[in-house]
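Please open the structure in a viewer and keep the selection panel at hand. The tour proceeds by selections, each followed by a description of what is found there.

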Amino acid sequence: MQMKYDFEQTIKSALETECQDITASRSLKERIDDEILNSQKEAGTMKHLSVKKLVIGVAAACLLVGGGAFASGHAVSFSNGISVWDNYKSYDDMDKAQEKLGYPVDCVETFSNGYQFSEMSVDDVDAWDEDGNKAYTYKDMSIYYEKAGEPDMYLTIHKPVEAIEREKTPDATRGCGDVTLYYDEYTYKFVPLSYELTEEDKANDERDDYNISYGSDEVEIKQSKGVTWKKDGIFYNLAGFDLNLSADEMFDMAEQIIGQE
Amino acid sequence: MNEEVLVRQMKEGDKVSFDLLYDKYKNMALRTAYLITGSLSDSEDVVQDTFVKVFLHCKELKSDSGFKAWMMQILVRTAYKAGKKKSRELPDDEVVEKADTKTGQSSLEQILVKEEAQMLSETVRRLPVKQRTVVILFYYQECPVSEIARMLGCREGTVKSRLHVARERLRGMLDADFDSVKCRRDRILE
């Protein structure tokens, strides 16, 4: 009889003996902490933002500059600071909001197509460089517009800190006095942090009209439409997801904001 | 502090609570990962991946009381993937490193017991990764079959089947190996 010992107990004891001297090193914990910190930097605070805030915090920034390309090459991503998320519920508070922003802006309370002011906020937006370091922070005004039965729209306004240039060729343009309006459509795929890109995702991500954005709770694909323009050194972006509006209708809304219609 | 409280606080973003949970489970996690991957460096990578996922995804944990099982599920699946990627042979330098950590035993009997244990572990390590993982969870972690099935995402019957096959293989390998070890042992102790 070969197996005279307690087979089950022998296996257990052997496994325990085999690894009893192994202990976690201090450097392992440091590696874990570093990776957590880097992951948080990469994700910014997007994980905790609703799709609405994602529009303002990330998509808007990218839409505004045509894919997020900065000529000076510093900032590559953006995130809102939730702690300063301070909404104004009444259009009568526009003076307070502009005071917080630091300069006057063009805006309207109601559009001729029925979209109406809903709320607004002035936030600090963090810009991050390629190494995950905060490059700078700037103030950004976001105004929400709503219309019964239609997706919300957002007007974001800020003064650019860096020189910026478009990467994407606009889908349409229109002149409005001295201002050029640019119309762009993008596809956004919002995915959880744990999401692994498929080959199709990787191919799509190469397109200048497609963005993959980490940080949502589930995979969502949305089409964005936006009109951007620059006036008096201030950038404006009127945009929304899955809008039932044409380029011309959005140009008309932009002209109402500029006051040229 | 109560583990559920720590988990709840971690889910609210409290890093200190995460640190305390890490301290509680770090060695158990590392040892389990080591047994599955057979490599110290791989097991550190597995523990790193696991606890980073734990912190970043802790809000997905539905029950605060189920932290250990949830963490172990992440660990085992991460280790399983690492184990599948790597060759199952333990690199020579790590064998030496492991052997060095076990020196300092005073009696010959203790040395031989450890040698037998090491041989047994080597035998477990030669099992295919699916069977090895089940053996480690069942014997080392003392997990019930139902819990192992949940961790690995398979049926209880599959776990039982893998355990059965693993036992048979181990018996076969140990029959042969123990003959030679026991002969050597008897010669030394004579």
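The stops below pass from confidence to the interface, and then to the strands of one chain.

**Confidence**

Begin by colouring the whole model by pLDDT, since this is a predicted model. Its overall scores are ipTM 0.76 and pTM 0.47.

Select chain A, whose mean pLDDT is 76, with 70% of the residues at 70 or above. Within chain A, helix H3 (residues 51-64) has the lowest confidence, at a mean of 40, whereas helix H6 (residues 247-258) has the highest, at 96. Next, highlight residues 45-85 of chain A, where the pLDDT is below 50; beyond near neighbours in sequence, this stretch makes 128 contacts in the model.

Select chain B, which averages a pLDDT of 78, with 74% of the residues scoring at least 70. Here the stretch to mark is residues 87-106 of chain B, with pLDDT below 50 and 31 contacts in the model beyond near neighbours in sequence.

**The interface of chain A and chain B**

Display both chains and select the residues in contact: 33 from chain A and 45 from chain B. Together the two chains bury about 3800 Å², of which 61% lies on carbon and sulfur atoms. Which residues of chain A lose the most area to chain B? They are A:Leu15, A:Glu18 and A:Ile22, which together account for 18% of what the chain A side buries.

Keep A:Glu18 selected and add B:Arg125: the two form a salt bridge, with the closest N and O atoms 3.0 Å apart. Across this interface there are 6 salt bridges, and 14 residue pairs are in polar contact, both residues having pLDDT 80 or more.

Now show helix H1 (7-19) and helix H2 (26-43) of chain A, each of which supplies at least two residues of the side that touches chain B. H1(A) gives the most to that side, with 11 residues. Coloured by class, the side of chain A that touches chain B shows 13 nonpolar, 10 polar and 10 charged residues.

**The strands of chain A**

Hide chain B and select strand S6 (residues 172-176) and strand S7 (residues 179-191) of chain A, which pair in the antiparallel sense over 5 bridges. A:Thr173 stands opposite A:Tyr182 in S7(A). The hairpin of these two strands has 2 residues between them, and A:Gly177 there takes a positive phi near 65°.

Add strand S9 (residues 220-231) of chain A, which pairs with S7(A) in the antiparallel sense over 9 bridges. Select A:Asp184 to find its bridge partner in S9(A), A:Gly226.

From A:Gly226, continue to A:Ala239, which stands opposite it in S10(A). Strand S10 (residues 234-241) of chain A runs antiparallel to S9(A), and 8 bridges join the two. These strands also form a hairpin with 2 residues between them, where A:Asp232 in the turn has a positive phi of about 55°.

**From strand to helix**

Finally, select A:Arg174 and A:Asp252, whose side chains meet in a salt bridge at 2.8 Å, N to O. A:Arg174 lies in strand S6 and A:Asp252 in helix H6 of chain A, so the pair ties together parts that are 78 residues apart in sequence. Over all chains, the count comes to 23 salt bridges.

Technical notes: Residues numbered from 1 in each chain as written. Chains lettered and ligands numbered in written order. Heavy atoms only, no water. Pairing = 2+ DSSP bridges. Helix = DSSP H or I, 4+ residues; strand = E, 2+ residues; numbered from the N terminus. pLDDT = per-residue confidence, 0-100. Contact = heavy atoms within 4.5 Å. Buried area = accessible area lost by both parts, 1.4 Å probe. Salt bridge = Lys/Arg side-chain N within 4 Å of Asp/Glu carboxyl O. Polar contact = N/O pair within 3.5 Å; in protein donor to acceptor, adjacent residues only side chain to side chain. Nonpolar A, V, L, I, M, F, W, Y, C, P; charged D, E, K, R; others polar.
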